[in-house]
Amino acid sequence: MRNNKFLYIITLSYFILGFINIHFALLGLVCMSIPFILLFKNKKKTWCQGYCPRANLYTTCGKFSKSSRKTPKFFIKGNMKWIMLTYFGISLFIIIMTTIKVGTESIAPMKFLRYLIVFPIPWEMPQLINFTNILPWITHLSYRFYSMMMTTTTLGLLLALIYKPRTWCTICPIGTLSDSYLKGIKNHKN
Ligand code: SF4
């Protein structure tokens with residue numbers, strides 16, 4: 001990471017903000033959009049190369065790990081990135097569909113966290129500030145989004161501690177989609 005060494009504070013702040021009020025989780029949508037805006041504009045992985053707070057968190061935490069294990073080959077050249085992309089796609093699909101169902105009052109909003117989409121976390125998040133008049137589907141979307149961010153961030157942290165710090169980047173759905181887009185441009189030119 002060649003820019004700011006303290007970008008990881010943004011990632012930590014995101015998760016802390018969720019304890020202040022879960023609706024701040026929707027800021028994650030901005031974090032998910034910027035890499036693609038920069039990609040389409042610059043035709044290179046500007047975000048990944050210098051601005052990603054999550055990668056900076058992994059680099060920072062990876063320094064505390066004494067592990068020298070190499071990243072598994074099936075992460076770099078195998079199907080792991082496609083498995084992770086599929087997981088990401090299924091997560092987004094579930095998030096969108098359940099949010100629509102909450103919006104149409106077909107189901108109740110989810111007001112707790114889930115790990116890996118399906119495992120409920122039996123613990124109520126403290127909410128230091130309460131916002132009033134928030135529509136139930138917005139609350140549902142916030143908990144779902146926070147859950148997805150929490151799952152992928154902790155998986156990446158685990159990988160950073162077991163293997164090389166930026167192992168997550170080899171299977172990150174945003175990285176995979178960016179690579180596919182750039183490959184598509186290259187093929188189109190040839
Ligand atoms: S691959 Fe993913 S985690 Fe890694 S720098 Fe890019 S967006 Fe961040």
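Which residues of α4 are buried? They are Pro 53, Arg 54, Ala 55, Asn 56, Leu 57, Tyr 58, Thr 60 and Gly 62, where buried means under 20% relative accessible area, exposed over 50%, and partly exposed in between, computed with a 1.4 Å probe on protein chains only. The model is a predicted one, in which local features need pLDDT of at least 70 and side-chain atom pairs count only at pLDDT 80 or more, while totals for chains, interfaces and linings use all residues. Residues are numbered from 1 along each chain as its sequence is written, and side-chain values use heavy atoms, with hydrogens and water left out.

Helix α4 covers residues 53-62, and because eight of its ten residues are buried, it is largely enclosed by the rest of the structure. Helices here are DSSP runs of H or I with at least four residues, strands are runs of E with at least two, and both are numbered from the N terminus. The cover over the buried residues of α4 includes α1, α3, α7 and α8. The segment before α1 holds Lys 5, which touches Asn 56 and Thr 60 when residues up to four places away in sequence are not counted; contact means heavy atoms within 4.5 Å. Lys 5 itself counts as exposed, because its relative accessibility is 59%. Its C-alpha atom is separated by 9.9 Å from that of Tyr 51, although the two residues are 46 residues apart along the chain.

The ligand is surrounded by Trp 47, Cys 48, Cys 52, Ala 55, Arg 166, Trp 168, Cys 169, Cys 172, Ile 174 and Gly 175, a residue being near a molecule if one of its heavy atoms lies within 4 Å of it. The elements that give two or more residues to this shell are α3 (46-50), α8 (168-171) and α9 (173-189). By class, the shell has eight nonpolar residues, one polar and one charged, with Ala, Val, Leu, Ile, Met, Phe, Trp, Tyr, Cys and Pro counted as nonpolar, Asp, Glu, Lys and Arg as charged, and the others, Gly among them, as polar.

Turning to the aromatic residues, a search of the whole structure finds ten aromatic pairs. Rings of Phe, Tyr and Trp (its six-membered ring) pair if their centres lie within 6.5 Å, and planes under 30 degrees apart count as stacked, over 60 as edge-to-face and the rest as tilted. Phe 15 and Tyr 146 form an edge-to-face pair, with 5.5 Å centre to centre and 80° between the planes. This pair links distant parts of the chain, since Phe 15 lies in helix α1 (residues 8-20) and Tyr 146 in helix α7 (residues 136-162), 131 residues apart. Phe 15 counts as buried at 16% relative accessibility, and Tyr 146 counts as buried at 3%. Ring pairs link both of them with Tyr 14 into a cluster.

Another aromatic residue, Phe 75, lies in helix α5 (residues 73-76) and counts as buried because its relative accessibility is 6%. Leaving aside neighbours within four places in sequence, Phe 75 is in contact with Met 80, Lys 81, Leu 159, Thr 167, Thr 170 and Ile 171.

Finally, the loop between β1 (114-115) and β2 (119-120) contains Leu 116, and Ile 117 has its place in the loop between β1 and β2 too. Most residues other than glycine have a negative phi. Phi of Leu 116, however, is near 50°, and phi of Ile 117 is near 70°, each a positive value in a residue other than glycine. Leu 116 is partly exposed, with a relative accessible area of 32%, whereas Ile 117 counts as buried at 16% relative accessibility.
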